[in-house]
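Colleague: Could you take me slowly through one part of this model, the place where two of its domains touch, and then the sheet beside it? I am new to this, so please join the pieces up as you go.

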Amino acid sequence: MRATTAFNKMLEIPGADVSGVEFTPAGIVVSLRRRAKRLTCPCGWSTTATYDRTIRRWRHLDLGAAQLFLSAPIRRLACQRCARVVTEQVPWARPGARHTRDFEDVVAWLAQRMDKTSVARLLGCSWEAVAAIVIRVVAAHINDTRLDGIYRIGVDEISYRKGHRYLTVVADHDRDGAVIWAGEGRNHQSLEAFYNQLGPTRTARLGAVSLDMGTAYAKATRTKAPGATQCIDPFHVIKLANAAIDTARRWAWNNARGGPSTPSPRVRARITSPKGSTARKVKNTRWALLKDPARLKDSQREALDELRRTRHVLWRAHLLKEELRDLYRLPAGRRPDAHLDGWLARACRSRIPAMVKLSKTLRKNRTGILAAIELGLSNSKLEGLNSKIRLINHRGYGHHTPAALIAMIYLCSGGITIQLPTGR
Ligand SMILES: [Zn+2]
């Protein structure tokens with residue numbers, strides 16, 4: 001069997017036959033002869049008139065340890081539909097690509113599963129090439145129909161570049177929290193860009209939008225999707241409560257040290273408990289206060305027990321936090337509005353500044369908090385999304401441009417299935 005015949009059978013390049021095989025120091029170069037005489041623009045328009053031609057190389061999947069390149073003439077045409085000279089489309093590669101479709105699909109499949117350095121190392125290409133490939137593959141996989149029929153969405157901001165830059169991410173509650181849109185920034189214009197893309201008809205069909213407690217997304221939703229019920233994501237309520245606990249703990253710690261911000265002698269007396277709870281002890285109780293009580297370590301449980309025995313002010317703060325979490329796990333028949341109102345009243349009277357502040361914020365968002373419970377919108381999926389995106393960042397993707405990060409988010413959280421060349 002001739003080498004060209006062997007490579008022809010082995011590679012099965014669509015729309016072309018192998019006309020020559022060359023072994024070079026850079027790798028194996030396989031020359032192709034195109035079968036089609038017509039030139040096709042990426043827009044679909046075709047012609048037989050060639051504007052000019054060059055030879056181009058595409059990196060293809062490795063053959064053993066050797067890199068393999070396809071080499072073929074590629075022509076330009078004067079497309080009448082695009083009204084400009086464009087490079088023709090070839091069946092084995094995406095427009096503009098210097099890698100074959102098979103190679104790019106393998107890169108994207110790996111990028112869904114491992115860090116960028118490993119992908120680049122394994123396939124012998126640069127980081128920049130991996131990022132460009134991910135953008136191209138994602139563009140080929142997502143289209144506007146993903147926004148059809150959406151009814152309950154969640155909006156959240158995510159930070160990148162160590163918290164200096166932000167993206168606005170929209171996820172579909174009814175499709176397991178799959179990301180359906182991501183854009184730069186976190187102000188009301190960022191989210192308005194999404195509603196604009198959605199268009200008035202589809203926006204009018206939105207039933208519920210879950211949000212954080214900021215004003216930006218609420219404003220955009222109020223103007224663009226006034227018919228949708230605004231809900232506050234439970235995830236954000238609990239996050240805020242945890243932040244309040246942390247503030248309360250530092251406040252109590254400062255008071256125990258005799259810090260400057262002493263609120264009142266009565267509270268002060270309770271912070272410095274009879275047993276002499278020192279500043280250090282208060283500091284050590286951090287995780288005991290923040291973690292789910294069901295998952296505490298023995299030492300943390302002891303720290304919490306001591307707060308309870310000494311009727312420490314932080315014990316009351318802890319109880320308030322747990323009562324707030326109860327809002328999302330009430331037994332059937334208990335009214336969430338009554339539970340929330342009771343909680344707001346107790347927190348407001350607690351004389352713990354962070355808890356009083358929390359109660360004020362939650363009171364302002366009372367309607368949205370209760371709407372989330374009524375509509376059964378748990379934000380656990382969006383919370384999962386947050387950690388997924390942190391993982392993407394952690395794997396070294398998206399450090400260069402927002403476009404690269406957005407493409408990675410679609411690739412890993414947008415429900416995109418990549419077919420491997422071996423699985424077709
Ligand atoms: Zn065209």
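Modeller: Let's start at the contact: eight residues of domain 2 are in contact with seven residues of domain 3. On the domain 2 side, β12 and α16 (380–394) are the elements that give two or more residues. The largest share, three residues, comes from β12. By character, that side of domain 2 divides into three nonpolar, three polar and two charged residues. Keep in mind that this is a predicted model.

To place these domains along the chain, the domain assignment gives domain 2 as 144–231 + 382–423 and domain 3 as 234–374.

Now follow β12 into its sheet. This is an open sheet of five strands in the order β10-β9-β8-β11-β12, and the pairing is mixed. β10 (178–184) and β12 (229–232) stand at the edges with a single partner strand each, so one side of each has no neighbour in the sheet. On average, neighbouring strands here are turned by 25° against each other, direction ignored.

Further in, β8 (residues 152–160) pairs with β11 (residues 208–211) in the parallel sense, over three bridges. You can find Arg152 opposite Ala208 in β11.

Helices lie against these strands too. Helix α6 (residues 216–224) lies across β8, β11 and β12, and runs at about 165° to β11. Helix α17 (residues 402–413) also packs on the sheet, where it touches β8, β9 (165–172) and β10, and its direction makes about 175° with that of β10.

Technical notes:
Residues numbered from 1 in each chain as written. Predicted model: local features only at pLDDT ≥ 70, side-chain atom pairs only at ≥ 80, totals over all residues. Pairing = 2+ DSSP bridges. Helix = DSSP H or I, 4+ residues; strand = E, 2+ residues; numbered from the N terminus. Axes fitted to C-alpha atoms, helices over the stretch in contact; angles between N-to-C directions. Contact = placed C-beta atoms within 7 Å. Domains from an automatic or database assignment. Nonpolar A, V, L, I, M, F, W, Y, C, P; charged D, E, K, R; others polar.
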